[in-house]
Amino acid sequence: MAARLKEVDVVIVGLGWTGGILAKEFSAAGLKVVALERGGPRSTEADFGLPSVRDELRYQFRHDLMMNTQKDTLTIRNNPSQEALPMRRLGSFLPGEGVGGAGVHWNGHTWRWTDMEFKVRSLYEERYGKGYIPADMTIQDWGISYAELEPYYDRFEYVAGISGKAGNLKGKVVPGGNPFEGPRAREYPLPPLAPSLACELFDKASRNGGYHPSRGRPRTRRGPIPIRTARSSARASTAAIASASAARRMQKAART
Ligand SMILES: Cc1cc2nc3c(=O)[nH]c(=O)nc-3n(C[C@H](O)[C@H](O)[C@H](O)COP(=O)(O)OP(=O)(O)OC[C@H]3O[C@@H](n4cnc5c(N)ncnc54)[C@H](O)[C@@H]3O)c2cc1C
C-alpha cells in the first residue's frame with residue numbers, strides 16, 4: 001500500500017544540479033521541500049575516498065554513478081520509418097544517477113560564453129550579408145545578451161566555488177586572466193587550481209619535444225600557461241555534494 005507522507009510545499013523529482021539549486025532556493029524562501037531521487041545517496045568518504053574511488057570495475061565498467069540503461073534510457077531511430085529502439089549503451093555523456101546527478105561525475109568546467117556567442121546569426125549577417133547563412137540552416141541568436149546573463153554566471157560561480165583568474169573586471173583588462181572574456185562584476189570566488197602532476201609531466205614532455213606553445217618564455221610559479229580555467233574546485237565545488245547532504249536532511253525531515 002502506498003505510504004502517505006507529510007505534506008510539503010514542493011516536491012522535486014530528481015536531485016541533480018537543477019533539483020539541488022531549486023531545493024536550495026525554495027528552502028531559502030521558506031518553503032518545505034522534499035526531493036525524490038531514484039539513485040542512492042553519495043558521500044565523499046564512501047564514494048570518492050581512496051581506495052574505493054580507484055575501483056575501475058565499479059565506476060568505469062559498471063557505471064556505478066550513471067543512469068542504469070537497462071531500467072531507463074532514451075530511444076533513438078535514424079529515420080522516421082524506423083521504430084525507435086532503446087539505447088542500452090550510451091556514449092561519453094552518460095546521465096547521472098544518485099543524489100547530485102551528473103554533477104557528481106562531471107568535469108567541472110564552467111566556461112562563460114562571450115557576448116559574440118549569443119548573437120552569431122546577426123554577426124555573420126552583419127559581416128557577410130543576409131544571404132550568407134543558408135535558408136535551411138536554423139542557426140539563431142539566443143535573444144539574450146552576455147550582460148543580461150552576467151549576474152547569473154556570477155551567482156552560479158559563487159554557489160559552486162569555481163576556481164580561476166579574471167581577465168576582464170568591469171570592462172578593464174587585468175593581467176593573468178583571459179583578456180578575451182566578457183566583463184565580470186568581480187573576481188572568481190577561488191584562485192586558479194595548482195597544476196596537477198599530469199599537467200607538470202605534460203608540460204615537461206612538450207618542452208622536451210619542442211612542442212610547447214610558449215617555449216623559450218620563462219616558467220612562472222604556476223607554469224607557462226597558468227591554469228585559470230573556470231573549473232570547480234575539488235573541495236568547494238559540488239553543490240551536488242552540498243545537495244547530497246541537503247537531501248539527507250530533507251529525507252530525515254520527511255521521515256520525522
Ligand atoms: C561525463 C559528463 C561530464 C560533464 N561535464 C560537464 C562540465 O565540465 N561542465 C558543465 O557545465 N557540464 C558538464 N556536464 C553536464 C552537466 O553535468 C549536466 O548538464 C548537469 O549535471 C545536469 O543537471 P540536471 O540536474 O539537469 O540533471 P542530472 O544531473 O541528470 O540529474 C537528474 C537527476 O534526476 C534523477 N531522476 C531522473 N528521473 C527520475 C525519476 N523518475 N525519479 C527520481 N529521480 C529521477 C536522476 O537519477 C538524476 O540524479 C557533464 C555531463 C556528463 C555526463
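**Close-up views of the predicted model**

**Tyrosine 128, at a relative accessible area of 46%, is partly exposed.** The structure shown here and in the following views is a predicted model. Tyrosine 124 is likewise partly exposed, its relative accessible area being 35%, and because the two tyrosines, 124 and 128, stand 4 residues apart in helix α4 (residues 120-128), about one helical turn separates them. Residues three or four places apart in an α-helix point the same way, since such a helix has 3.6 residues a turn. The count of aromatic pairs comes to 8. Tyrosine 124 and tyrosine 128 make up one such pair, which is tilted, with 6.2 Å from centre to centre and 35 degrees between the planes of the rings.

**Trp17, Trp106 and Phe156 come together in one aromatic cluster.** Of these residues, Trp17 also belongs to helix α1, where it is buried along with Gly19, Gly20 and Ala23.

**Helix α1 covers residues 17-28 and has 12 residues.** From its first C-alpha to its last the helix reaches 16 Å, which is close to the 16 Å expected at 1.5 Å a residue. After α1 comes glycine 30, a residue whose phi is positive and lies near 95 degrees.

**Two arginines are placed over tyrosine rings, one of them being arginine 186 with its charged end over the ring of tyrosine 158.** In that pair the distance to the ring centre is 3.5 Å. Arginine 184, in turn, lies over the face of tyrosine 188, where the distance to the ring centre is 3.9 Å.

**Glycine 164 occupies the loop that runs between β5 (162-163) and β6 (168-169).** Its relative accessibility is 2%, and glycine 164 therefore counts as buried, the cut-off for that class being under 20% relative accessible area. Although glycine 164 and proline 191 are 27 residues apart in sequence, their C-alpha atoms are 5.3 Å apart in space.

**The protein chain as a whole, given as the setting for the close-ups, contains 7 helices and 8 strands.** The chain has 256 residues, of which 30% count as buried, and about 17700 Å² of its surface is exposed, with carbon and sulfur atoms supplying 58% of that area. Among contacts in the protein chain with a separation of 6 or more, 57% are accounted for by residues 24 or more positions apart.

Key: Residues numbered from 1 in each chain as written. Predicted model: local features only at pLDDT ≥ 70, side-chain atom pairs only at ≥ 80, totals over all residues. Heavy atoms only, no water. Phe/Tyr/Trp six-rings, centres within 6.5 Å; stacked < 30°, edge-to-face > 60°. Buried < 20%, exposed > 50% of the residue type's maximum accessible area, 1.4 Å probe, protein only. Lys NZ or Arg CZ within 6 Å of the ring centre and 35° of its normal. Contact = heavy atoms within 4.5 Å. Areas by Shrake-Rupley, 256 points an atom, 1.4 Å probe, with all protein chains shown as cover. Expected span 1.5 Å × (residues − 1).
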